[in-house]
Amino acid sequence: MDAASATQSRPPLANRAGRWLSHRLRNIAPLLTLLFLILFFSIASPSFTSMGNVWNILQQVSVTAIIAVGLTFVILTAEIDLSVAAVANATGIVVAFFTLQDASVAIANLPLPGPIAILLALAACALLGLITAVGVTRIGIPSFIMTLAMMQIGAGVSALLVRGQIAYSVPPLITTLGSRSFLGVPWIVIVAALFLLVAHLVLTYTRFGRYVYMVGGNREAAENSGVNAGFVVGAALVISAVCSGVAGMLGVAYFGSAQQNEFDSYLLDAIAAVVVGGTSLFGGRGGIGNTILGLFVLGVLNNGLDHVNIDSFLKILIRGLILLAALVINVYAEKLRTGDRGAV
Amino acid sequence: MAVEPILELVGISKAFGGVQALRDVDLALAPGEIHGLVGENGAGKSTLMKIIAGVHPEFGGIMRVRGREVRFRASRDALAAGIGMVHQELSIAPDLSVAENVYLGAQPTNRFGMVDWGAMRRGARDLLSRLGLEIDVDAPAGLLPIGVQQLVELGRVLFSGAEAIILDEPTSALSPPETERLFEVLRRLKAEGRSIIFISHFLDDILRISDVVSVFRNGRKVVTERVSPAIDKGWLIERMIGAQAADLEESWMGSIQLATPRDAPVAFEAVGLTHAPAFRDVSFQVRAGEALGVYGYMGCGQIELSRALFGKIQPRRGAMRIGGQPARLSGAAAAKRAGMAFVPESRRAMLFAEEPIYRNISISILETISRIWVKPDRERAIAAGHIQTLGIRAPGPSTRLGALSGGNQQKVALARWLTRPPRVLVLCEPTRGMDVGAKEDVVRIVRSLKEQGIAVIVLSTEPETVLSMADRILVLRRGEVVREFADMAISKEDLLAAA
């Protein structure tokens, strides 16, 4: 097409601005939400804006962040992983199971050297992810149902290993990464930042990342291009499980204990972070940038609500409403994208 | 015209963004008239019909139904005013019975508010028999042949009281006998005084059934003319493309000479491929640089066969050889590794509307240009080359694919396999729904692929497509190869007769 006709087919300015806005709604909406929340809590509570509280927020979202990294891969391929919190819980318990516990802890465990315990824990979460991947891509179970089953399996592994007890010790490396600081910066924040950075690089600049987006955007077209879509989805599920596993180990160190059901709230938090951030539930759109936005929205919200002295039971409802609003915007953004243009 | 038109459009215009889809279109539909609409893709026919059917509420100009000015906000409004549309993509609920489909959303109820099944069955049976259709109204609609499903949907539109009915590409999926039956029904409706707008790429069909024909080009209506022996295909094509049809006279309009290249090695061989009930005992060879056509009516099994050739379904029996080597195609990725390439019949199943052109092209060769890191500059350069050589009309390689016209999208789908040519290219309906110019381009691309030594397998329900591309033709009927045409002169009539 020559320059003249290209100019001719350009919509008027106002119209273009509208389109630009509507296409970036999924990025703009969480950003505005975040700015609004920061502004609101800064005014409502003087203690909110202290430097110490900023580190607080970063630390509080770190475990969620590592889980959300893996979940971003899965949601980008237009699948879902409901087992993340259960896998995190199970992995945290596995690493504690293979660590020497205090004599007061009545768990028939199997103490091993720290590095081996960590490797076994990583192997455990990778195995759970692999089982999910096989169920979804080979057997053809919808990921929603398959990961629901895996959620129960993860909870079962956790329950069997601790049998209602609480373990406190984890390998020294995990203790350091989960609960110590490096030059004043909590290690867990550094690890979360690294996970986010590496995931961003993988998704944006690697071939695998491209496949993730293409499979999520149109799975059949990806397959018809000779892309092994099953492998891509399976890999995303394994990545998700391993991220959850790492988050689980560090989380156990962060909380200072390993027990059943201690990660339960992280399923909703991780999904909320990804979706509030603007990654499309229909796959193929969004990314780590969006997830970071979502994490901050959730982190600021949870932390800020503590600062303004609000009924802690009301907090639960408010979080639910925020998630609902994000879902509405997410679906609406998708409609705006596809509504005003011809399909293939 | 003496009679008041049932539908009248005056100065209709419509723009999408900055693109003017319709400019100042006038159209009148008389009672009991069959009005044919022709035009290349993007000429504005579909947009106009969507305005009439209430899909696009915003437009410029005036629309009158029986003299009263109307403006439909939804397709419901159009239906209430007596205008119904049967879309190309049927909206039959396959698991519901025929009767339920006819009465979809308007089931008759008895005095207890329960669905009156008896009334529904009787009503559906009466209605369909008026269409000349004697079928079991309790059967699931999805099990019926596509042509019958279409009539059921037509029945639903009629049942809702439509006086004017828009049919979008109704014959593209039909076999000649099915088309004949549809025309029978249309003539009957016409005799009842109902009006029909008939949109089709099949000019023969248009000329056979229409009383009046209107030609669209670039968003304008070029001409409306009463159909007479003076109006023929050439006349229509001339006005559709605004050039002398004689220059574009394609060789298949007469007969073409098939010739098998004998010295080239066999690139692909299928032996007794069977995947009942879709296809049975299909065997053939394709040589390097040869194009094998597989022709048959909709539902003859060629869609499934094309899937098997790209590893998307595993035939229950039979074997394939690629370059003489036995090949087990366990999936699409395996098929690609073995040297197969595939362009399915639906662009939606092939392209990423939301992604830029270059990503649509590079997706199938990413592993050869990047081991780990993607190289967008390289991808854009490759895409820019294809845009140039294939004449893809797009501002640049970063243009969003969904912004292109259908024909240009199809070229992008082909370009995907040109960067690193495969050994065997399987094309399913490569020119479906494309305009004359774009079809020519695709034929040219396929020819150049053959010259590079690629074996091409073209599967189509359109005889023109097969004839314009193939060196040898297999005819598939109900999943079996019933005829092979090789090394002889063959015309469209021969092909139709064999299928």
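The exercises below, each with a worked solution, concern a predicted model.

**Exercise 1. Cavities**

Determine how many cavities of 30 Å³ or more the structure holds, and describe which residues and elements line the largest cavity.

Solution. Begin with the count, which comes to four cavities of 30 Å³ or more; the largest cavity has a volume of about 40 Å³. Next, collect the residues around the largest cavity: its lining consists of I93(A), A96(A), F97(A), Q101(A), I107(A), N109(A), L161(A), V162(A) and A167(A). Then assign these residues to secondary structure, where helix 5 (84–97) and helix 7 (143–162) of chain A are each found to supply at least two lining residues, with helix 5 of chain A giving the largest share, three residues. Finally, sort the lining by class, which yields seven nonpolar residues and two polar ones, while no charged residue takes part.

**Exercise 2. One helix and its two sides**

For helix 6 of chain B, work out how its length compares with the expected span, where its buried residues lie around the axis, and which elements they pack against.

Solution. First take the length: helix 6 of chain B runs over residues 176–191, 16 residues in total, and its first and last C-alpha atoms are 22 Å apart, close to the 22 Å expected at 1.5 Å a residue. Second, list the residues that fall under 20% relative accessible area, namely E178(B), T179(B), L182(B), F183(B), V185(B), L186(B) and L189(B). Third, look down the axis of helix 6 of chain B, where these buried residues fall within an arc of 160° and therefore line one face of the helix. The general background to this step is that an α-helix has 3.6 residues a turn, so residues three or four places apart point the same way. Fourth, turn to the face directed away from the buried side of helix 6 of chain B, which carries the exposed residues P177(B) and A191(B). Fifth, identify the partners of the buried residues, which pack against strand 3 (34–39), helix 5 (146–159), strand 7 (164–168), strand 8 (195–199) and helix 7 (203–209) of chain B. To finish, follow the chain just past helix 6 of chain B, where G193(B) takes a positive phi of about 95°.

**Exercise 3. Positive phi outside glycine**

Examine N261(A) and R66(B), giving for each residue its phi, its location and its accessibility.

Solution. The general expectation is that most residues other than glycine have a negative phi. Starting with N261(A), one finds a positive phi near 60°, in the loop between helix 12 (229–255) and helix 13 (264–277) of chain A, and a relative accessibility of 48%, so that N261(A) counts as partly exposed. Continuing with R66(B), one finds a positive phi of about 50°, in the loop that joins strand 4 (60–65) to strand 5 (68–70) of chain B, and a relative accessibility of 41%, again in the partly exposed class.

**Exercise 4. Two helix residues**

Decide whether N101(B) is buried or exposed, and establish where L35(A) is found.

Solution. N101(B) is placed in helix 3 (residues 98–102) of chain B and, with a relative accessible area of 0%, is buried. Leaving aside residues up to four places away in sequence, N101(B) touches I92(B), A93(B), L96(B), A141(B), V152(B) and R156(B). L35(A), by contrast, belongs to helix 3 (residues 25–44) of chain A and is partly exposed at 49% relative accessibility. A distance completes the solution: the C-alpha atoms of L35(A) and G156(A) are 41 Å apart, the two residues being separated by 121 residues along the chain.

Conventions: Residues numbered from 1 in each chain as written. Chains lettered and ligands numbered in written order. Predicted model: local features only at pLDDT ≥ 70, side-chain atom pairs only at ≥ 80, totals over all residues. Heavy atoms only, no water. 1 Å grid on protein atoms, 1.4 Å probe; cavity = no way out; pocket = protein on both sides within 12 Å on 5 of 7 lines; lining within 4 Å. Points joined across faces, edges and corners; volume = space filled by probe spheres on them. Helix = DSSP H or I, 4+ residues; strand = E, 2+ residues; numbered from the N terminus. Nonpolar A, V, L, I, M, F, W, Y, C, P; charged D, E, K, R; others polar. Expected span 1.5 Å × (residues − 1). Buried < 20%, exposed > 50% of the residue type's maximum accessible area, 1.4 Å probe, protein only. Arc of directions from axis to C-beta. Contact = heavy atoms within 4.5 Å.
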